[in-house]
Amino acid sequence: MTDSLPIALTAPLSKAQKTSLINLVRRTARAEIMPRFRNLSHSDISSKSGPYDLVTEADTAAEAMLARGLQQMFPHALVVGEEASSTNPDLRDQIGDAEMAIILDPVDGTWNFAHGLPLFGVILSVTRFGNPVFGLLYDPVMDDWICADSENKAHLSRNIGADRPLSVARGGALSDMSGYVHLYLLPEDKQAEMAACLPEFARTLMLRCSCHEYRTLAQGGMDFMISGTLNPWDHAAGVMICQQAGGVVRMLDGADYNANLTEGYILAAPNEDSWTHLRDRFAFLMG
């Protein structure tokens, strides 16, 4: 921002606005995502940056429906979708300067979706100058969602108004913790050292779906997550939700997360002590 005076942030989303966002996501899943699940032909699936980075008709159709609805609801907002950003990278660069950006991943876990695995979701976040203020992690298969905002704790819902509060795991020694480690998304020169430390933990895995990784963290099913792929549509909502479920989520160098960041590593943990122990163990990533 170039203005010399600070710009006042707009008020948090109202309850009615949050309900409208949830309903838009649910309608989109019913109309554009679930009818295509396990019904895709080879021509409906293509790759972007490589054979594991896929896009399907469901991704593009769902993003188009979501974007239309969001622009009608919030005409002043910057809408940043994963698929639109793949063709117009400048969109992502505008997040840090936008007083209100709505960032979405229409089908997170596309590889799973394209191969018939029921582990995918819709991610939507709202940011103010890159700082997450609302996050939504929606599971189209179960038709339930986890959300949180800067003033309300994380909760799981299956119906509007029927909320169950969530809490992260308790943490502990490294040998007692399980986590998500995106090993093959790390730089090649870091992969061997990361692989060597994995036996020190209770278990580590990767779901190929940030939506469900963050959902599991927020519900206490796993202890930590480390990621160096900073796509804002993958992380902005989950960072907010895990923090509002009692967890600690920061960049590995200790900086606060911002959706405008393009370099570094996100580390999510259940508490400060666990975060510090994990940070010390993964310090080689910053070398």
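Colleague: In which sense do E12 and strand E14 pair, and over how many bridges?

Modeller: The model is predicted. Within one of its bridge contacts, Ile226 has Leu267 in E14 as its partner. Strand E14 spans residues 266-269, and its pairing with E12 is antiparallel, over 3 bridges.

Colleague: Which strands stand at the edges of the open sheet that contains E12 and E14?

Modeller: The open sheet has 5 strands with mixed pairing, in the order E11-E10-E12-E14-E13. A strand with a single partner has one side left without a neighbour in the sheet, and this applies to E11 (203-205) and E13 (248-251). The edge strands are therefore E11 and E13.

Colleague: By what angle are neighbouring strands of this sheet turned against each other on average?

Modeller: The sheet in question is the open one with the order E11-E10-E12-E14-E13. With direction ignored, the average turn between its neighbouring strands is 15°.

Colleague: Which strands does helix H8 touch, and what angle does its direction make with that of E13?

Modeller: Helix H8 covers residues 232-243 and packs on the sheet. Its contacts are with E12, E13 and E14, and its direction relative to that of E13 is about 140°.

Colleague: Which parts of the chain does the pair of Phe224 and Phe282 link, and how many residues apart are they?

Modeller: The two rings form a tilted aromatic pair, with 6.1 Å centre to centre and 45° between the planes. Both Phe224 and Phe282 are buried. Phe224 belongs to strand E12 (residues 224-227), whereas Phe282 lies in the segment after helix H9 (272-281); these distant parts of the chain are 58 residues apart.

Colleague: Which residues do ring pairs link into a cluster?

Modeller: The structure holds 6 aromatic pairs. One of them joins Phe113 and Phe120 edge-to-face, at 4.9 Å centre to centre and 85° between the planes, and both of these residues are buried. The cluster linked by ring pairs consists of Phe37, Phe113 and Phe120.

Colleague: Over which ring does the charged end of Arg250 sit, and how far is it from the centre?

Modeller: Arginine side chains lie over tryptophan rings at two places described here: Arg92 lies over the face of Trp233, at 5.7 Å from the ring centre. For Arg250, the ring is that of Trp275, and the distance from its centre is 4.4 Å.

Colleague: How many disulfides does a search of the whole structure find?

Modeller: Cys242 is in no disulfide, as the nearest cysteine sulfur, that of Cys211, is 11 Å away, while a disulfide requires sulfur atoms within 2.5 Å. Cys242 is buried, with a relative accessible area of 3%. Over the whole structure, the number of disulfides found is 0.

Conventions. Residues numbered from 1 in each chain as written. Predicted model: local features only at pLDDT ≥ 70, side-chain atom pairs only at ≥ 80, totals over all residues. Heavy atoms only, no water. Buried < 20%, exposed > 50% of the residue type's maximum accessible area, 1.4 Å probe, protein only. Phe/Tyr/Trp six-rings, centres within 6.5 Å; stacked < 30°, edge-to-face > 60°. Helix = DSSP H or I, 4+ residues; strand = E, 2+ residues; numbered from the N terminus. Lys NZ or Arg CZ within 6 Å of the ring centre and 35° of its normal. Pairing = 2+ DSSP bridges. Axes fitted to C-alpha atoms, helices over the stretch in contact; angles between N-to-C directions. Contact = heavy atoms within 4.5 Å.
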